[in-house]
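Dear colleague,

Please find the structure below, handed over for your own inspection. My notes on what was found in it follow directly after.

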Amino acid sequence: MPTDIEIAAAVQLAPIADIAARAGIPAQAIEPYGRHKAKLDLAQLSPGQTPGKLILVTAINPTPAGEGKTTTSIGLADALRHIGKRAMLALREPSLGPCFGTKGGATGGGRAQVAPMVDINLHFTGDFHAISAAHNLLSAMIDNHIYWGNALDIDARRVSWRRVVDMNDRALREVTLGLGGVSNGFARTGGFDITVASEVMACLCLAEDLDDLRARLARIIVAETRDRRAVTAADLKADGAMAALLAEAVKPNLVQTLEGTPALIHGGPFANIAHGCNSVIATRAALDLADYVVTEAGFGADLGAEKFFDIKCRQAGLMPAAAVIVATARALKMNGGVAKADLERDDPAAVARGAANLVRHVENVRGFGVPVVVAINLFPTDSDAELTAIETAACAAGVEAIRCAHWAQGGAGAAALAEAVVALAEQSNGFAPLYPAELPLAAKIETIARRIYRADGVAFAPGITAQLSRWEAAGFGALPVCMAKTQYSFSADPGLLGAPTGFTLPVREVRLAAGAGFVVAICGELMTMPGLPRVPAAEGIGVGADGVFGLF
């Protein structure tokens, strides 16, 4: 079987102008970046139809066996067009960290890919570089302000704004700045996060337009003064320059699937440390252009879907029409206790045990009032007995599970899933966020922990509840909560697979993202700067006579 990169290279892509025309985008609205990708000038679009139906693709908790959420999103969009529907994709951009680390690329797989896959997986149109530059400009302006007299009376011990880089680099988690004498500023401790965890990324992805983005940037809190007053990017007069750096990045990127389905790929926050959804701007543009828009939320539904509903949909006023939960027999076997080395062995009993993870995600998503269907992403090694075990578990939970062969067959292999999604989307639903905005911040964290993770309770580290109370007193109590937690488990313990109960969720730190409009709760040992694995994917990537080659 050819590799993903070989499959993608064998497909003759349509010129981006043809893809734009297929989506109803006028020529004056596209700003080409080469032959097969473009930025959209939204001011040149004239929405003239009833907004389309928004379909969320989410998944069970990820395992090293793979689930294929992005691949299924792409296959579903192609399948919707296959059955005669006007469909578009609205996805996130890949981060260089995972591309060169463990996960690899994020453009799908097999016959269900977005392209040009190498461009998308690497620098694409430069959005992440612009976000990193805007974020680090603010960092530089903080230290520069302190150096030149500190008129705002910033307490250097209470600078909360870290630097970012779009790479996995554990050595940068904690650093000392300003060493080398007076000319280099004042020494203080700091650190780096990965760019996808940047509040600037979240601001861009939740903004309605460039003006709203600048307003969000201005509200970012970076430090406190000696008398504990908040210092913002606006106080430092940094918001204008930051917005200037992001003026092109705020425009959505248009590409295509291997079958020619239009795709808007824009923004890329991780769901384990950020809110895990593509931009509101791209999602709304797609809804104005298509009858069905397929989007995804990162990692398992306990993270990505919960944040999609409670943060993105709440802030943007979006109404999801249906949700797809992706599962594989291999991943459910791992949740059922099978080691990765033994996944090739037929084991329907392990699948049945691991299906408890799937059932809990189904229950959670339906708890938001959104109708659900399960997509079984097929692998050649799956046995009929294993697939039947998934179907049986889904049926017992009150939903349909559909076998999908989009990896091998493209859109035609997911036609049954597309038909099911259309039927679900035609139903009226009672979508509502998990908690009301007026609930106290600590109670919001406890609600997510108990109702989504099934924890017995929450253990807040010393000082956290007092910090949350101070933020409430300062007017931030109505913000939603963005949980930062391991993606591998409902708990904060990545080794606790399946559907665990009887645990307490440890919250070790909270961060206020006033610009993005949420409070981050960091649980357990989760790192906001990942590290590379023993054998990083970067070792298998290089440049050959015909261009870039590698794993992806």
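The buried residues of helix H10 are covered by elements that include strand E3 (53-59), strand E4 (87-91), helix H7 (199-206), strand E15 (262-265), strand E16 (292-296) and helix H11 (301-316). Helices (H or I, at least four residues) and strands (E, at least two) are here DSSP runs, numbered from the N terminus, and contact means heavy atoms within 4.5 Å. This is a predicted model, in which local features need pLDDT of at least 70 and side-chain atom pairs count only at pLDDT 80 or more, while totals for chains, interfaces and linings use all residues. Residues are numbered from 1 along each chain as its sequence is written, and side-chain values use heavy atoms, with hydrogens and water left out.

Helix H10 (residues 280-289) is largely enclosed by the rest of the structure, because eight of its 10 residues are buried, where buried means under 20% relative accessible area, exposed over 50%, and partly exposed in between (1.4 Å probe, protein chains only). The buried residues in H10 are Val280, Ile281, Ala282, Thr283, Ala285, Ala286, Leu287 and Leu289.

The largest nonpolar core, that is, a set of buried Ala, Val, Leu, Ile, Met, Phe, Trp, Tyr and Cys residues joined through side-chain atoms within 4.5 Å, has 140 residues, of which Ile25, Leu138, Ile220, Leu246 and Phe309 touch the most other members. Helix H11 gives the most to this core, with eight residues. Apart from this core lies another, of 36 residues, among them Ala77, Ala79, Ile265 and Val421.

Not counting residues up to four places away in sequence, Phe309 touches Leu56, Arg314, Pro320, Val365, Phe368, Val370, Phe431 and Pro433. The last of these, Pro433, is found in the loop between helix H16 (415-425) and helix H17 (441-451), and it counts as partly exposed because its relative accessibility is 32%. Leaving aside neighbours within four places in sequence, Pro433 is in contact with Phe309, Asp310, Arg314 and Phe368. Pro433 and Phe308, although 125 residues apart in sequence, are 9.6 Å apart in space, C-alpha to C-alpha.

As for internal space, the count comes to one cavity of 30 Å³ or more, a cavity being, on a 1 Å grid over the protein atoms alone, a set of points where a 1.4 Å probe fits but cannot get out, with lining residues having an atom within 4 Å of a point. The largest cavity holds about 70 Å³ of space, the volume being the space filled by probe spheres set on the points, which are joined across faces, edges and corners. Its lining is made up of Glu93, Pro94, Leu96, Leu122, His123, Phe124, Gly126, Asp127, Phe128, His129 and Asp166, and helix H6 (residues 127-147) gives the most to this lining, with three residues.

The structure holds zero disulfides, a disulfide being a pair of cysteine sulfur atoms within 2.5 Å. For Cys395, the closest cysteine sulfur is in Cys404, at 17 Å, which is too far for a bond. Cys523 is likewise in no disulfide, with the nearest cysteine sulfur, that of Cys482, 10 Å away. Cys395 counts as exposed, at 57% relative accessibility, whereas Cys523 counts as buried, at 1%.

Finally, Asp155 is placed in strand E7 (residues 154-159) and counts as buried because its relative accessibility is 2%.

With best regards

Terms used: 1 Å grid on protein atoms, 1.4 Å probe; cavity = no way out; pocket = protein on both sides within 12 Å on 5 of 7 lines; lining within 4 Å.
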